[in-house]
Each structure stands twice: as structure tokens, then as C-alpha cells.
Amino acid sequence: MEAISLPAEEVMHIGSVVITNSFTATVLSSLIIIFVAFLIRWRAGVVPTRMQVAFEMVLEFFLLQLTTSLGGNEKRARKILPFILTIFLIIALSNQFFLLPLVGAFVTDHGHHLFRVPTSDYSFTIAFAVLVIVLSHVLAFCISPINHINNFFRFRSFLKIRKFSDIPNAFIDFFLGLLEGIGEFAKIISLATRLFGNIFSGEVIIVIVSGLMFYTQFLVPIPFYLLGMLAGLVQAFVFSILSLLFISATIRNAEHGH
């Protein structure tokens, strides 16, 4: 039976930098997306191709969701759209990485696969989750720095104290702001763990079923591969939508001072 490894395996070193098989897969996925993007742009015309129509449907869907979440501000939504769309594409392709032909045939001298589904590596999903949350705060800070800081360090409540009974309320409001900060870290764990758990568990099931006996290596895993394809697309969609909602909510809170 193929070994199941929770961390990504090392495949090479470039100086002191360790290159893992999830990193090589991420680079390959990025190159594929860049190539397809240039292909769509090159073949784009008055009469759209099927690939162009599919891409435009995805683009319009996320633009509509962003515009709605930002209170109808389409100009701002168009600025954030490339980031959300890139997240969706890279995760969607990464989740289907096991379907690429000959991917599993490349093995290093240490017996490790050269490529691994990137989203089955927890560091990959953590990095994406951190990127989303940090970007949401950077955008909110740029839009309204005072309101954004006050959402987490609510000192304004102390300035509004007019009588003794206002003091407990000011402290409660201040600690609620600190809890908001803790909640931001919880968002990172939630985003990263949901994606990692679903993809990694799917890979484990396929490996176990395939390794039960010789006959189960071929036909039996097919339904699990199909479920994995569907789950991969769903998880890419869920991660992108949650990222969209987190970013838009943080921006709205900064604008309105909540």
C-alpha cells in the first residue's frame, strides 16, 4: 500500500531552501493556469469559444457576488475580483491535480512523488487563508484606518464616559473588540482546515481502497475519484465565497465603524 504522509515530502534543495512536492505541484498548476489564460485571450473574439463562455460565466458570477457583498459598489468589486478569481482557479485546479496524466509516475530517488495535490498540504491552505485575512485588513485599513483600528481596540467607548454607569459598558465594549481580533485568527484556522481536511481525507480514502488488494486498484476507486472531483470543485467554490465574504465584511465594518 502506498504510504500516507501528512506533511509534504522533500524532493530537492535549492541552497538552503527545501522544495516539497506540494510546492512543485503548485508551480505546475500556476503555469497551467497562465497558459490557459493566454490561450483564452489569444482565441477570444466576437464569437466566443466554449472555454471563453465558461470563463466569462465564472467571472460574472463572482463579480455579482462581490458587488452585492460590497453594497453595490461595482468599481471596488472589479478591483478585488482578480484576487478572488485567482484563488478559485488555483484551488480548483490544485484539487484536480491527481487527474493530470502521468503526474503520479514521477518519483524521486528517495521514493517520494515529485508532485502532490497542493491542497492536501496544510501549509498551503494556511498560507492562502493568511493571505485572504491579511489582505482584507489591509484593504479595510486603507479605506478607513481609524474605524478599522477601533473595531478591535475600542478606546472610543472610554471617551464617551459621562457617568459612573458608563464605565462597565466601556470595558465590555473594549473586550468585545479584543474578541473580534481573536475571531480573525479563528477565520484563518477555519478556512485552512476546511479545505485541507476535505481534500486530504479524500486522498486517504482512495489510497486505502486502492491498496486493499490487487483487484481494487482499478475499478473500485473510480467512484471515489468522481466524488473527489466534485468535492474539489465544491471546496474551491466554498473557499472563494468565504474569502469574498470575509473581505467584504471587513471593508463594510471599516466603512461604517462597526
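Two rings of Phe, Tyr or Trp count as an aromatic pair if their centres lie within 6.5 Å. Keep that cut-off at hand for the first stops. The model on screen is predicted.

**Stop 1: the aromatic cluster**

Select F61, F62, F88 and F237. These four residues make up one aromatic cluster. Across the structure there are 5 aromatic pairs. Begin with F61 and F62. Their ring centres are 5.3 Å apart and their planes meet at 75°, so this pair is edge-to-face. The label follows because planes over 60 degrees apart count as edge-to-face.

Now colour by accessibility. Is F61 buried or exposed? F61 falls in between: it is partly exposed, at a relative accessible area of 32%. F62 is buried, with a value of 1%.

**Stop 2: from F62 to F88**

Stay on F62 and add F88. This aromatic pair is tilted, with 5.2 Å from centre to centre and 55° between the planes. The pair links distant parts of the chain. F62 sits in helix α2 and F88 in helix α3, 26 residues apart. Both F62 and F88 are buried.

**Stop 3: helix α1**

Next, select residues 21-43, which are helix α1. Helix α1 has 23 residues. Draw a line from its first C-alpha to its last. The helix reaches 33 Å, close to the 33 Å expected at 1.5 Å a residue.

Which residues of α1 are buried? Show N21, S22, T24, A25, T26, S29 and I40 as sticks. Then look at what lies over them. The cover includes strands β1 (10-14) and β2 (17-20). It also includes helices α2, α3 and α4, the last at 122-143.

**Stop 4: the second largest pocket**

Keep I40 on display. I40 is buried in α1, and it is also among the lining residues closest to the centre of the second largest pocket. Add I33, V36, F55 and L89, which complete that closest group. The pocket has a volume of about 470 Å³, and 18 residues line it.

Where does the lining come from? The elements that give two or more residues are α1, α2 (50-69) and α3 (74-95). Helix α3 provides the largest share, 7 residues.

Finish by colouring the lining by residue class. How many lining residues are nonpolar, polar and charged? The split is 16 nonpolar, 2 polar and no charged.

Methods. Residues are numbered from 1 along each chain as its sequence is written. This is a predicted model: local features need pLDDT of at least 70, side-chain atom pairs count only at pLDDT 80 or more; totals for chains, interfaces and linings use all residues. Side-chain values use heavy atoms; hydrogens and water are left out. On a 1 Å grid over the protein atoms alone, a cavity is a set of points where a 1.4 Å probe fits but cannot get out, and a pocket is an open set with protein on both sides within 12 Å along at least five of seven lines; lining residues have an atom within 4 Å of a point. Grid points are joined across faces, edges and corners, and a volume is the space filled by probe spheres set on the points. Helices (H or I, at least four residues) and strands (E, at least two) are DSSP runs, numbered from the N terminus. Ala, Val, Leu, Ile, Met, Phe, Trp, Tyr, Cys and Pro count as nonpolar, Asp, Glu, Lys and Arg as charged, and the others, Gly among them, as polar. Rings of Phe, Tyr and Trp (its six-membered ring) pair if their centres lie within 6.5 Å; planes under 30 degrees apart count as stacked, over 60 as edge-to-face and the rest as tilted. Buried means under 20% relative accessible area, exposed over 50%, partly exposed in between (1.4 Å probe, protein chains only). The expected span of a helix is 1.5 Å times one less than its number of residues. Contact means heavy atoms within 4.5 Å.
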